[in-house]
Amino acid sequence: LKAPWLKEQLQLAISLVSQCPNQFCVSTPMESLSSASFAASARPGFDRTYSGHPDLDHMTHDRDLSEKIMRKRQEEMQRRTTLLDPRKRQFGVDHAVLDAQLAEKRIQQEVEALEEAQHAENHIMQDQVLQTLEDLKHKAARDREMANKEFNLQNLRKEQRREYALSDPHAKKREAPPNYENGSLGPSSFVTFAGEGPADKKGYKKALQHQQREALLEQIRDKEERARAEREEEHRFDGAALMAAQVQAHVEHIDQEERQQERLQNEEENRQLADFHSRRRQSRAQRDADETARHMANVRNSGMLNENNDLQVAPNGKLLDYKRLSMEEEQQAYDLIARQIQDKEAKKFAELAEEEEHANAVDTQVSVLSALETERNQQQKSRRQRINEENMTMAARKHALDAEERRKYRSFEYEP
């Protein structure tokens, strides 16, 4: 209840409730909450004391017990008083108390409604402020963009660019011949044109030296300015780094303390949890040991363990108290297992023989195919040799015919 208008509304509501006909007192919500918390924190038998009674003088050594007895007596007296009053016995709690509670709840609801309205107004105000800030940001961004465009139009034309002289179409028209008077050749130029020369060479040399000295001094000043700016920047950077290191050290110290405190809390919780688990494991182990001992006793005293017969058969043929197989049934089981093993071995030998026969057939097929492949290769080789011989014969014949044709062409022999 920090808002002044909210306090005024609350005081007005309290004054209106205090003027009701029942003349009951209404506390504020904060006072009700504080009194409720105080009542909840009270411990029965310790926060309220009762005067002693003559018939409890023999129990003065036990103050708690005597106070408990007196408290029970007073509660019983209040209960009897309530029962003796017909109005309270039939209608329950006094209406004044209920009206006071209802008025207090109503005031609390009104206060909550006022707080909700205040929160809604604050929320709307925050939205308006944020919207105004966003509009200002957009307007500032638009102004910067407009200023940038205006600056570009005024100061960034193509004629004002540094490299415009390289592509200027009228540079040849405006170019003047170099000479010593206008200084277009520079202080370090040794170009000499025929028919040109300074009238005062000594003065011209001094002017060149002065110009060189001024250029060197300008370079020295520029270097010193850059060095000074670099030193200042390094000094600022060192100060910022020192401040950052101090802040980081402070943060690390606080973080270390928090981690240490958290570690101590975790250790304490782990210790309590370990004690709890240890007690539970001990109880479980004791319970398991007791169950194991009972099971062992039951097994030792079991009738099936002490009997000599394997099983019992009822008159109707049903098995009773079945314990194990008889010797004949066990021998039959062993014989059945032996026959199964023999069948598996015979089947395994038959599979091996079949695999061996299949491998022999495969080897025979491979050898036959290898012989056929060798014969085919030999036939191809002989056919290739015959083709090569025929090609060589035809090439020799063609070579002879070509030589004969060249000879006839050179001899100019006429053949009708």
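Helices here are DSSP runs of type H or I with at least four residues, numbered from the N terminus. With that in hand, the predicted model can be read from its overall layout down to individual side chains.

The chain contains nine helices and two strands. Along the sequence these elements follow the pattern α-α-α-α-α-α-α-α-β-β-α, with the two strands placed just ahead of the last helix. Burial is limited to 7% of the 416 residues. The accessible surface of the chain amounts to about 36800 Å², and carbon and sulfur atoms contribute 55% of that area. Among contacts between residues at least 6 apart in sequence, 29% link residues that are at least 24 apart.

Helix α5 covers residues 95–155 and offers a simple check on its geometry. At 1.5 Å a residue, its 61 residues should span 90 Å, and because the C-alpha atoms at its ends lie 88 Å apart, the two values agree. Buried positions in α5 include A100, A103, I107 and V111. V129 also belongs to this helix, but its relative accessibility is 45%, so V129 is classed as partly exposed; the partly exposed class runs between the 20% and 50% cut-offs. V129 joins M125, L130, L133 and L136 in a nonpolar surface patch. Together, the five residues of this patch present about 480 Å² of accessible area.

Charged side chains provide the next part of the picture. Side chains of opposite charge can pair when their charged atoms come close. In this structure, 14 salt bridges are found. One of them lies in helix α9, which takes in residues 327–411. There, the side chains of K398 and D402 form a salt bridge with an N to O distance of 3.1 Å. Because K398 and D402 are four residues apart in α9, about one helical turn separates them. The two partners fall into separate accessibility classes: K398 has a relative accessible area of 53% and is therefore exposed, whereas D402, at 26%, is partly exposed.

Elsewhere, shared partners connect salt bridges so that E76, R79 and R80 form one network. All of its pairings discussed here involve E76: the side chain of E76 meets that of R79 at 2.5 Å, N to O, and that of R80 at 3.4 Å, N to O. E76 and R79 sit three residues apart in helix α3, which comprises residues 63–84, and this spacing is about one turn of the helix. R80 and E76 are four residues apart in α3, so they too are separated by about one helical turn. Each member of the network is partly exposed: the relative accessibility is 27% for E76, 43% for R79 and 49% for R80.

Helix α3 also holds E67. This glutamate has a relative accessible area of 6%, so E67 counts as buried, the cut-off for that class being under 20%. The side chain of E67 makes a polar contact with the side chain of R63 at 2.9 Å. Helix α3 therefore contains the buried E67 as well as the partly exposed E76.

Notes:
Residues numbered from 1 in each chain as written. Predicted model: local features only at pLDDT ≥ 70, side-chain atom pairs only at ≥ 80, totals over all residues. Heavy atoms only, no water. Patch = residues over 30% accessible without salt bridge, like charges linked within 9 Å, V, L, I, M, F, W, Y side chains within 5 Å. Areas by Shrake-Rupley, 256 points an atom, 1.4 Å probe, with all protein chains shown as cover. Salt bridge = Lys/Arg side-chain N within 4 Å of Asp/Glu carboxyl O. Buried < 20%, exposed > 50% of the residue type's maximum accessible area, 1.4 Å probe, protein only. Expected span 1.5 Å × (residues − 1). Polar contact = N/O pair within 3.5 Å; in protein donor to acceptor, adjacent residues only side chain to side chain. Contact = heavy atoms within 4.5 Å.
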